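I opened the model to look up its fold, its cores and a few residues. These are my notes, in the order I took them.

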Amino acid sequence: MSDKGIMGTSKRITGRLGLLLGVALATGQAMALEGDAERGQAAAGTCVACHQTDGSGMNLPGGESWPRLAGMDADYIAKQLHDFKEGRRQNASMMAFANMLDDQQIADVAAYYSQMSVTAAQGGDIDDELLARGEQLALRGDWDEYIVSCKSCHGPRNEGAGSSFPGISSQHAGYIESQLRAWQADERSNDPQNLMGAIAKRMSDEDIRAVSAWLASQSVASEVASE
């Protein structure tokens, strides 16, 4: 390749990196906004139909499941709303609702739900043998199948670790199961380095049911400040 061709390629790569950096910085700045829970309560008015006034969500046996938002990390909630808004995560209802919110409202809604007390999950009522398999996957993994334990990323009690790894203990079984299947089918991919996609593809249907139910059966001592 000639020097002119090399310079042209270099400029294109530099331009693309600059664009990606600009997008990353813009997203980071939007997510870095300080949220106000009182304002967030007003902005969250459209959320209660699915996520309930206490943020507990819903789990319909054999049907759809809406996640618990109460007590979730504010930065994680904000990231998901931005991902829905920008099309990095797909859900027709959530994309519509997210697009109703500006960056400050997203920060406010995230702060509002993060300050709620964690509620109990539904869907953890399965037989003991399957629950034991779920506990194994959540706490120890299965190295024979190259399945990393949930706690490796989601924290020792699977109560979350920052904005990338949400609390999954005391989350509805139906919601966890639906998301694992979405990652398995490449219908969701907004996690770091596609870690969840790689793990979900190694799990059987029984594994997914087991770990979803076990996580739903776990209680979380809410540390949300009440003052």
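At what distance does a polar contact join the side chains of Asn 190 and Arg 188? I read 2.8 Å for that pair. I kept in mind throughout that this is a predicted model.

**Entry 1: Asn 190**

I stayed on Asn 190. I found Asn 190 in the loop between H9 and helix H10 (195-200). Its side chain also has a polar contact of 2.8 Å with the side chain of Asp 83. I then asked whether Asn 190 is buried or exposed. Asn 190 counts as buried because its relative accessibility is 10%, and the cut-off for buried is under 20%. I listed its contacts, leaving aside neighbours within four places in sequence. They are Lys 79, Gln 80, Asp 83, Arg 88, Arg 89 and Trp 183. I also checked Gly 87, which is 103 residues from Asn 190 in sequence. The C-alpha to C-alpha distance between Asn 190 and Gly 87 is 9.9 Å.

**Entry 2: overall fold**

I stepped back to the whole protein. I noted 11 helices and 2 strands. Along the sequence the pattern reads α-α-α-β-β-α-α-α-α-α-α-α-α. The protein has 227 residues, and 40% of them count as buried. I looked up contacts with a separation of 6 or more. Residues 24 or more positions apart account for 67% of those contacts.

**Entry 3: the cores**

Which residues touch the most other members of the largest nonpolar core? I wrote down Ala 44, Ile 77, Leu 81, Leu 101, Val 109, Tyr 112 and Tyr 113, out of 20 residues in that core. Helix H2 (37-43), helix H4 (74-86) and helix H6 (103-114) are the elements that give two or more residues to this core. I followed Val 109 and set aside neighbours within four places in sequence. Val 109 is in contact with Gly 40, Ala 43, Ala 44, Leu 81 and Leu 101.

Another core lies apart from the largest one. I counted 18 residues there, including Ile 168, Trp 183, Ile 199 and Val 211.

**Entry 4: H9 against H11**

Two packed helices are described by the angle between their axes and the distance between the axes. I looked up both for helix H9 (residues 173-184) and helix H11 (residues 205-216). Their axes come within 8 Å and cross at roughly 145 degrees. The crossing is right-handed. From H9, I noted Ala 173, Ile 176, Glu 177, Leu 180, Arg 181 and Gln 184 in the contact. From H11, I noted Asp 205, Ile 208, Arg 209, Val 211, Ser 212, Ala 213, Leu 215 and Ala 216. I sorted the residues of this contact into 8 nonpolar, 2 polar and 4 charged.

**Entry 5: Gly 134**

Gly 134 lies in helix H7. How far is its C-alpha from that of Ala 210? I read 4.3 Å, for residues 76 apart along the chain. Gly 134 is buried, with a relative accessible area of 0%. Beyond its neighbours within four places in sequence, Gly 134 is in contact with Ala 210, Val 211 and Trp 214.

**Entry 6: the loop between H7 and H8**

I checked Asp 142, which lies in the loop between H7 and H8. At 12% relative accessibility, Asp 142 counts as buried. Not counting residues up to four places away in sequence, Asp 142 touches Arg 133, Gln 136, Leu 137 and Ile 147. Tyr 146 is also in the loop between helix H7 (128-139) and helix H8 (151-154). Tyr 146 is exposed, with a relative accessible area of 58%.

**Entry 7: positive phi**

Most residues other than glycine have a negative phi. I therefore flagged Tyr 146, which has a positive phi of about 60 degrees and is not a glycine. I flagged Gln 52 too, with phi near 70 degrees. Gln 52 sits in the loop between helix H3 (48-51) and strand E1 (58-59). Its relative accessible area is 24%, so Gln 52 is partly exposed.

**Entry 8: Asp 102**

My last stop was Asp 102, in the loop between helix H5 (92-98) and H6. What does its side chain reach at 3.1 Å? I found the backbone nitrogen of Gln 104. Asp 102 counts as partly exposed, at 39% relative accessibility. His 82 is 20 residues from Asp 102 in sequence and 9.5 Å away in space, C-alpha to C-alpha.

Notes. Residues numbered from 1 in each chain as written. Predicted model: local features only at pLDDT ≥ 70, side-chain atom pairs only at ≥ 80, totals over all residues. Heavy atoms only, no water. Core = buried A, V, L, I, M, F, W, Y, C linked by side-chain atoms within 4.5 Å. Buried < 20%, exposed > 50% of the residue type's maximum accessible area, 1.4 Å probe, protein only. Helix = DSSP H or I, 4+ residues; strand = E, 2+ residues; numbered from the N terminus. Contact = heavy atoms within 4.5 Å. Axes fitted to C-alpha atoms, helices over the stretch in contact; angles between N-to-C directions. Left-handed = near helix turned anticlockwise from the far one by under 90°. Nonpolar A, V, L, I, M, F, W, Y, C, P; charged D, E, K, R; others polar. Polar contact = N/O pair within 3.5 Å; in protein donor to acceptor, adjacent residues only side chain to side chain.
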